[in-house]
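Let's take a walk through this structure together. Have the sequence and the 3D view side by side, and follow along as we go.

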Amino acid sequence: MILTSLLVSLALGQEGSTPYVRSRVAAGNASAQCLYWTVPTITWHNSSVGNPDTALEAQKQREFEAIRASFQSWQRLFVSCGNLRFSEGPLVDDRKVGYELRGDNNRNLVLFRSTRCSDPDVVPASDACWIDDTCGNDYDCWDSDARTIALTLTTYDEKSGIIYDSDIQLNASGFVFTTVDSPQCIPPATGRDNTCVSTDLQNTMTHEIGHLIGLDHVPDDPRSVMFPRAPSGETSKRTIDEGSHQFVCEVYPKGQPSQSCVTPTLDSSGNTTVLGKQSMGCSSSGAGAAWLPSMAGWALLAWRRRRGGARS
Ligand SMILES: [Zn+2]
């Protein structure tokens with residue numbers, strides 16, 4: 001409770017703009033527990049497939065480098081004032097996102113999905129996975145809105161808010177991910193040859209890693225890496241803003257435990273762990289106009305969360 005009050009006063013002290021917003025076990029409920037990691041090291045893995053749409057091996061490596069650079073940007077902040085670090089694990093063949101309490105195959109995974117589940121050639125409309133919400137994993141396809149650029153699926157303890165697992169999916173079925181610094185792609189250039197910036201991979205990943213460590217969107221500050229808009233051609237989110245830096249220092253203070261928002265209560269019933277899941281991502285609409293300089297490519301973006309069924 002003390003921390004909740006502190007965060008409110010900090011937010012009010014920033015001349016109207018919120019430095020950062022924490023993700024909660026109940027989405028958008030400011031009195032609910034926050035999400036946070038307690039491990040000293042978060043190990044993450046790239047899928048060995050890389051981007052299936054990328055044919056050139058050299059470009060695949062550039063994409064892996066862009067993902068690595070995104071983690072390194074956050075890592076630098078953790079080194080300066082935080083209590084955890086990132087470690088890149090080996091490439092893995094695993095293509096499944098999510099977490100199982102008793103599973104032995106849980107990893108923090110970064111992967112591209114290059115086909116759409118909604119394509120009837122990929123997933124039959126009658127498949128039971130639509131009811132079970134498992135099509136993405138079952139068919140290795142993008143199961144969200146076509147305009148969503150990426151999704152971070154986080155699994156956590158409903159009571160304590162402690163994060164167990166977080167996986168990032170990149171929507172290669174709807175976006176061309178590029179790694180060059182400039183210029184912005186102007187049609188008919190698509191960025192497929194990586195000679196212009198379409199959807200910058202590092203820009204996208206830096207934002208998604210913010211979700212992975214427990215950040216929610218900051219809707220009122222376009223300077224924030226957690227601002228819920230990311231136009232085609234944007235690279236500014238490669239650089240982490242002061243407010244998000246503040247989050248690292250305050251929520252993961254160096255030499256101290258990670259900070260919850262509500263003091264976790266001990267479960268009197270003993271051994272039940274209830275897992276919650278949230279899926280967060282930014283979606284882009286109006287792609288056809290996103291390249292227009294007059295609009296600065298500011299596609300409308302939305303975020304969505306999906307709460308899965310709790311499991312024990
Ligand atoms: Zn987002």
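Before we start, one working term: two residues are in contact when they have heavy atoms within 4.5 Å of each other. Also keep in mind that you are looking at a predicted model.

With that in hand, go to Asn51, which sits in the loop between strand S2 (41-46) and H2. Which residues is Asn51 in contact with, leaving aside its neighbours within four places in sequence? They are Lys60, Glu63, Phe112 and Ala172. Asn51 has a relative accessible area of 4%, so it counts as buried, the cut-off being under 20%. Its side chain also has a polar atom that lies 3.0 Å from the backbone nitrogen of Asp53.

Phe112, one of the contacts of Asn51, turns up again at our next stop, in the lining of a cavity. The structure holds two cavities of 30 Å³ or more, and the one to look at here is the second largest, with about 30 Å³ of space. Around this second largest cavity you'll find Asn46, Ser47, Gly50, Phe64, Ile67, Val110, Leu111, Phe112 and Leu170. Helix H2 (57-81) and strand S4 (108-113) are the elements that give two or more residues to that lining. The largest share, three residues, comes from S4. What classes of residue make up the lining of the second largest cavity? Six are nonpolar, three are polar, and none is charged.

Next, move along the chain to a loop with some unusual backbone spots, the one between H3 and H4. In the loop between helix H3 (129-132) and helix H4 (135-139) you'll meet Asp133. Its phi is near 60°, a positive value in a residue other than glycine. Is Asp133 buried, partly exposed or exposed? At 42% relative accessibility, Asp133 falls between the 20% and 50% cut-offs, so it counts as partly exposed.

Further on comes the loop between strand S7 (177-178) and strand S8 (199-200), which is where Pro183 is found. Ser182 and Pro183 are joined by a cis peptide bond, with omega at about -10°. Pro188 is in the loop between S7 and S8 too, and the peptide bond from Pro187 to Pro188 is cis, with omega near 15°. Asn194 also lies in the loop between S7 and S8, and its phi is positive, near 60°, although it is a residue other than glycine. Asn194 has a relative accessible area of 11%, so this residue is buried.

Now for helix H5 (residues 201-212), which has twelve residues. From its first C-alpha to its last, H5 reaches 16 Å, close to the 16 Å expected at 1.5 Å a residue. How many of the residues of H5 are buried? Twelve of its twelve are, so the helix is mostly covered by the under 20% cut-off. Among them are Leu201, His207, Glu208 and His211. After H5 comes Gly214, whose phi is positive, near 110°.

Our last stop is Thr239, in the loop between strand S9 (215-216) and helix H6 (242-251). Thr239 counts as exposed because its relative accessibility is 58%, over the 50% cut-off. Thr239 and Trp74 are 165 residues apart along the chain, and their C-alpha atoms are separated by 9.4 Å. Try finding that pair in the view: Trp74 belongs to the stretch of H2 (57-81), the helix that also gives residues to the lining of the second largest cavity.

How values were computed
Residues numbered from 1 in each chain as written. Predicted model: local features only at pLDDT ≥ 70, side-chain atom pairs only at ≥ 80, totals over all residues. Heavy atoms only, no water. 1 Å grid on protein atoms, 1.4 Å probe; cavity = no way out; pocket = protein on both sides within 12 Å on 5 of 7 lines; lining within 4 Å. Points joined across faces, edges and corners; volume = space filled by probe spheres on them. Helix = DSSP H or I, 4+ residues; strand = E, 2+ residues; numbered from the N terminus. Nonpolar A, V, L, I, M, F, W, Y, C, P; charged D, E, K, R; others polar. Expected span 1.5 Å × (residues − 1). Buried < 20%, exposed > 50% of the residue type's maximum accessible area, 1.4 Å probe, protein only. Polar contact = N/O pair within 3.5 Å; in protein donor to acceptor, adjacent residues only side chain to side chain.
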